[in-house]
Structure formats: C-alpha cells, structure tokens
Amino acid sequence: MFNLYNVNYFSATEEYLSPDDMNPMDWILRANRVTGFSFREGDIASSGLWSAITCPGQSCLWPKSVDGFVYVPYTISALYDNMDRITIEVGMEDISAGTCVKFVPRTHQANFLDIQPKFGCWSFLGMVGGGQPLSLQSPGCMWSGVASHELMHALGFVHEQSRSDRDRYVTILWENIIEGWFNYLKERQHKYETNNLNTIYDYDSVMHYGRYAFSEDGLPTIIPKPDPNIPIGQRDGPSPLDIHKINLLYNCCK
C-alpha cells in the first residue's frame with residue numbers, strides 16, 4: 001500500500017544527545033532507523049495516490065461535519081497496554097483541546113486511522129482513505145509529542161523546516177548530513193511549495209526537526225537565523241502556532 005525509500009538512517013543524534021535533549025523527530029529517527037526501511041522526510045509514507053509531501057487542493061483533508069467539527073475516527077491496536085493507550089490519547093487531546101478536530105473511536109466509518117505498534121513511528125500525509133495505518137512502535141514512539149507529531153501528518157501537515165520560505169529562517173548545513181541522506185535531501189532541496197497559511201515560521205513547532213537531525217558526526221545540521229541560539233523543536237506537544245494552523249487549515253471557529 002505504501003512506498004518506502006531505502007536510505008541509511010544512522011544518525012549520530014543518539015550518540016551526542018542525551019534523552020532529555022531529544023525532540024519528537026529525534027526519537028522518531030531513532031526508532032525508524034532500525035526498521036530497515038526509510039520514509040520521505042524520515043516518517044512520511046507515500047500512498048501512491050499522490051505525493052507524500054503534497055496533495056491537490058484540499059483533497060487530503062478530513063471532512064468537516066455539519067456541526068462544525070472534524071471527526072477523525074480511529075482504532076487502537078489491542079497490542080498496546082494501558083499506558084501506551086493513555087500516551088496516544090494524550091497526543092490526540094493535545095490537538096483536540098484547542099481545535100475543531102476531534103479524534104473519535106471508529107464505529108462504522110469507512111475512512112479511519114488504524115493506529116498500530118508496527119515498526120517505527122510514521123504516518124501518511126492527510127486522509128488517504130480506508131483503514132489508514134499510523135505506526136507508533138512500543139517501545140520507541142511512546143511519547144505524547146511523538147503521537148501528536150504523527151497525528152499532525154495524518155491531518156495534512158509536513159515538517160516545519162520543509163516550508164517553501166524555510167531559507168529565510170534556518171540554514172541547512174548540508175556538509176554535516178549523513179552521506180546517504182545528503183544526496184537524497186539535496187536533490188529535493190528538502191522544501192516544497194507548501195501552504196503556509198500566512199503564518200510566521202514556528203521554531204517551536206512539534207513538527208520541526210531538531211538541531212542535529214541526520215547528523216553525520218554530531219555537528220548541527222539546522223541553524224536558526226538570524227539568532228543561531230534560538231531553540232528549535234520541542235517534545236511537549238503542539239505549539240500554540242501548531243494549534244492555530246490546524247484551526248486555519250480546517251476553518252475552525254476558534
């Protein structure tokens with residue numbers, strides 16, 4: 001159902017960063033590198049129906065109900081224990097609490113998220129139809145910020161540093177990126193014609209790579225500008241601007 005891209009995932013992140021310094025993308029890359037597979041941008045699967053990075057118009061958005069809410073049905077695998085379920089549900093609630101997007105247990109809906117502890121942490125971009133896999137490996141992906149990150153992919157959001165205006169806000173240090181990923185990312189310039197929703201760049205987004213993502217030798221790969229010391233990415237969950245962007249994309253009332 002989905003296409004994988006074989007690129008070596010080894011990163012020096014886990015060697016040079018302590019667990020307390022790792023953001024959701026750092027944990028995701030750590031979990032995904034041991035799967036033997038790779039995904040676009042590290043954790044986005046391609047359905048073959050459209051690009052894993054863009055979708056025409058709003059064709060990959062979940063539909064809005066007549067009551068103004070966007071209901072995203074889901075199932076959670078019975079293989080998860082209670083703490084895992086709580087972690088995933090907290091990731092959902094961190095999105096739902098401030099938006100019109102509501103994650104609801106599936107009853108009969110044809111399109112739904114099928115959340116499973118497969119291999120690694122990954123999602124499709126937006127709604128692709130049917131029982132749509134979203135993988136949150138346990139252990140490896142069991143942080144609410146990681147769950148929110150993958151759920152935002154499923155809502156249609158790419159990584160923050162892939163914005164079309166990225167180069168105004170960060171510098172990518174290509175020379176510090178691991179060899180296999182250097183050629184892959186450089187070829188695509190690792191940014192896309194994105195719908196930025198007329199919002200400012202969000203260094204604090206849960207969708208932002210960490211400073212050392214795909215590092216070859218522990219040196220930074222992403223430097224903010226003009227202030228190189230601005231923290232980038234965090235693991236607590238969606239930022240206020242993440243919530244604002246969800247509300248804009250789905251035309252929520254609040």
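**View 1. The largest nonpolar core of the predicted model holds 35 residues.** Six of these residues touch the most other members: F103, L113, I115, L136, L155 and Y250. Several elements each give two or more residues to this core. The strands among them are β2 (70-76), β3 (101-105), β4 (112-116) and β6 (131-136). The helices are α3 (82-96), α4 (144-155) and α6 (240-249). The largest share, six residues, is that of α4. Domain 1 (70-158 + 244-250) and domain 2 (160-239) each supply at least three residues to the core.

**View 2. I115 and the residues it touches.** Leaving aside residues up to four places away in sequence, I115 touches Y74, T75, I76, S77 and Y80. Its contacts also include I88, M92, L134 and L136. I115 is itself among the core residues that touch the most other members, and so is its partner L136.

**View 3. Another core lies apart from the largest one.** This core has 13 residues. Among them are W174, Y203, I222 and I232. In soluble globular proteins, nonpolar side chains tend to be buried together.

**View 4. Helix α6 is mostly covered.** Of its 10 residues, seven are buried. They are L241, D242, I243, K245, I246, N247 and L249. The cover over these buried residues includes α3, β3 and α4. Those three elements, like α6, each give two or more residues to the largest core.

**View 5. The residue N251, just after α6.** Here the backbone takes a positive phi of about 55°.

Conventions
Residues numbered from 1 in each chain as written. Predicted model: local features only at pLDDT ≥ 70, side-chain atom pairs only at ≥ 80, totals over all residues. Heavy atoms only, no water. Core = buried A, V, L, I, M, F, W, Y, C linked by side-chain atoms within 4.5 Å. Buried < 20%, exposed > 50% of the residue type's maximum accessible area, 1.4 Å probe, protein only. Helix = DSSP H or I, 4+ residues; strand = E, 2+ residues; numbered from the N terminus. Domains from an automatic or database assignment. Contact = heavy atoms within 4.5 Å.
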